[in-house]
Amino acid sequence: MKKFTFKAGVHLPSYKKLTVGEEIKETSIPQQVVILLSQHIGSPAQSIVSKGEKVKVGQKIGEAQGNISVSVHSSISGEVIDICPQLHPVSGKKVLSVIIKSDGQDEWIEKGKEHKDYFRLSSKEICNIIKEAGIVGLGGAAFPTHVKLSPPKDVDIVILNGVECEPYLSGDEQLMIKYPVEIIEGLKIIMQTVKASWGIVGIEDNKPRAIELMKKEIAKQPNISLKILKEKYPQGGEKQLIKALLNREVPSGGLPMDVGVLVDNVGTSFAIREAVIRGLPLVSRVVTVSGWGVFYPKNLRVRIGSSISFLIEECGGFSFVPGKVIMGGPMMGITQYNLEVPVVKGTSGILVFGQKEVKKENIRDCIRCSKCIDVCPMGLVPCMIALYAENQDWEKAKGYNLLDCIECGACVYVCPAKRPIVQYVKWAKEKLKC
Amino acid sequence: MKDQLVVSVSPHIKGNETVSSIMLDVIIALFPALIVSVYLFGWYALMLVLISVIFSVGTEFFSQKIFGKEITINDLSAVVTGILLAFVLPPGSPWWLVAVGAMLSILLGKQIFGGLGHNPFNPVLVGRAVLLVSWPIQMTTWTTPFDGITSASPLDIVKMGLDNPLPSYGDLFLGSRVGCLGETSTLALLIGAAYLLYKKQIKIHTPLFFILTVGILSILMGGDLLFNLMSGGLILGAFFMATDIVTSPLTKSGKIFFGIGCGLLTILIRFKGGTPEGVCYAILIMNMLVPLIDKYTKPKKFGTVSLRSKKS
């Protein structure tokens, strides 16, 4: 079978063997969850519960505000003990949150309507179900899915992203192994909603088991195909994935729909299927807890709002004194200093590095080796952007196409001078915003 | 425990390559040529290389100390400068010439601009150029391999129309000819270059187009092709000087322009200029044009294809 890939990029050590055979396991019910009302891109949901109120699993506690927003649900049954601002693990800001204390019953609210006959539903009806179920892009961006599924342009191909190119993470792989039927059903719902004629599932060649099981399922579908990609980072970036699979280039500043494509993560597809066919809102997600710093690295189905420290306990605790805790993958994830922050809808992994793995790097001046240019998947000159940002010449940095940077970190990975290029890029972008 | 957690911007894993590992690769790549030069010119050649390295590293250390900068001699870049400088001097050079050259290379070529990464010119060639105008006699006194008799270099013979015998192609390839300490053996230099290419420390573009341009133009100018490729410092210059990462263009197309420019100037100097060899000045002149080349050879950013190829 032909293997696809894109130009540039970098080959990373995968570290996936830590969790590669780890099937998805349910966590125990956390004592307490912190449910942020803003876990998605767009306006925060508005709380519709009050302090002291009893809630059940799946009960809506936050109402979507406006179109670019989604509902938020309780992930455990119990009592609302507070509604107050809490630290957001990604933005680092405090956002209004609902804190729920578990009653240990794990009692579900009456399920929503089941739609086994989803093909009778209109696109609008499906989008409404998805919005009400609180579904966002589970790959990490957390963009409201119903907005993505009502594109203003024609989409002819839906790509399901099963690439999972970040090292350590293996949650999507396990999801594909456990739920191939459900994921493909989700894809069919997406295709129906955006009226796409063709579906493609893209999986990297380092997941043979997932490929095998998905292949069996895909073979039954007339208009869905499986495409295998060569392992390379950042192939899971949607622009890189579209280029690799279809040789279509999303224009600079544009979206996949500009080239007639929609990309969704396999996890999102699964969540859509659960919402539409079974009437279940998004109250949990798969999180890979890995790294040498945790005792038993695992893939867990985690209630949204569980704290990082709870997940680490579920994996047997720290194996030695942790040096760094990351939410997300090692290439684009965000370091955490407070382990009581909750898992949000976009959390794909929790990584714990030991103190020995966190070396202080000796940052040197750029030696113009041009390795960053060779690996940049966006065709930029990262070293020059960093140089201008370092000198706070924001306009010049912008002239080197700063705003096209996807912050994948491939340049920093290869840089022999260990320059913090992504940090400079983020700084410059922030400065240009105001 | 909270205050022991490191907070940093992504990415959180990094490759193993460092500035010193790159420089170490270059040093390894220079070893074949070093061994050949010791074989040809005796232990004196090794002594010159050592003096050059010691003075390079020493100058780097003291200048960084005086300028109040971080001491970075362990990045091995001064060692590379030292070896390469000895390679481009006559094998019978007096030791003080090498020492002065090494100090000039580091000080005028590198540290005065702010250290590694900031120097616009190849430090080795700056050192050589200053030595050439300051001590022209010592810098053009050549000795033959093995017996050390004063002789003319192959390019001198052609330039001045002397009737000394020219070395055979075999001698040129293996290195048994008159010339600078490390430039004579095409074979040894190519082995080193192959190693650097394999380790991806240099790209083929600059040397390939440099050598191609010299080859094509030397035929057009009525010269001998293989003689022109192997008789001077072209192979050493093309693979080890023009590919210096700090002083060459960033992008592949830029490297091609750079190589062609170096080739043009080399031939111009060799055939029409006042000195027999042009590689050194050709590279130095092209070094000056690097910012300009970089400006006009930015890579094509993602998402700027024409509409026609977009919908394939």
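**Exercise 1. State the domain assignment of chain A and describe the contact between its domains.**

Step 1. Chain A is assigned domain 1 (113-278) and domain 2 (371-433), with bounds from an automatic or database domain assignment. The model is predicted: local features need pLDDT of at least 70, side-chain atom pairs count only at pLDDT 80 or more, and totals for chains, interfaces and linings use all residues. Residues are numbered from 1 along each chain as its sequence is written, and chains are lettered from A in the order in which they are written.

Step 2. Between the C-alpha centres of domain 1 and domain 2 of chain A there are 30 Å.

Step 3. Five residues from each of domain 1 and domain 2 of chain A form the contact (C-beta atoms, placed from the backbone, within 7 Å).

**Exercise 2. Describe the largest nonpolar core.**

Step 1. A nonpolar core is a set of buried Ala, Val, Leu, Ile, Met, Phe, Trp, Tyr and Cys residues joined through C-beta atoms within 7 Å; buried means 20 or more other C-beta atoms within 10 Å of the residue's own.

Step 2. This core has 223 residues, and Val158(A), Ile159(A), Leu311(A), Ile385(A) and Ile283(B) touch the most other members.

Step 3. Helix α1 (residues 19-41) of chain B, a DSSP run (H or I, at least four residues), contributes the most, eleven residues.

Step 4. Domain 1 (113-278) and domain 2 (371-433) of chain A both supply residues, so the core lies between them.

**Exercise 3. Which residues does Leu311(A) touch, not counting residues up to four places away in sequence?**

The partners of Leu311(A) are Val287(A), Val289(A), Leu300(A), Val302(A), Ser306(A) and Ile350(A), with that exclusion applied.

Notes
A residue is buried if 20 or more other C-beta atoms lie within 10 Å of its own, exposed if 12 or fewer, and partly exposed in between; C-beta atoms are placed from the backbone. Helices (H or I, at least four residues) and strands (E, at least two) are DSSP runs, numbered from the N terminus. Two residues are in contact if their C-beta atoms, placed from the backbone, lie within 7 Å.
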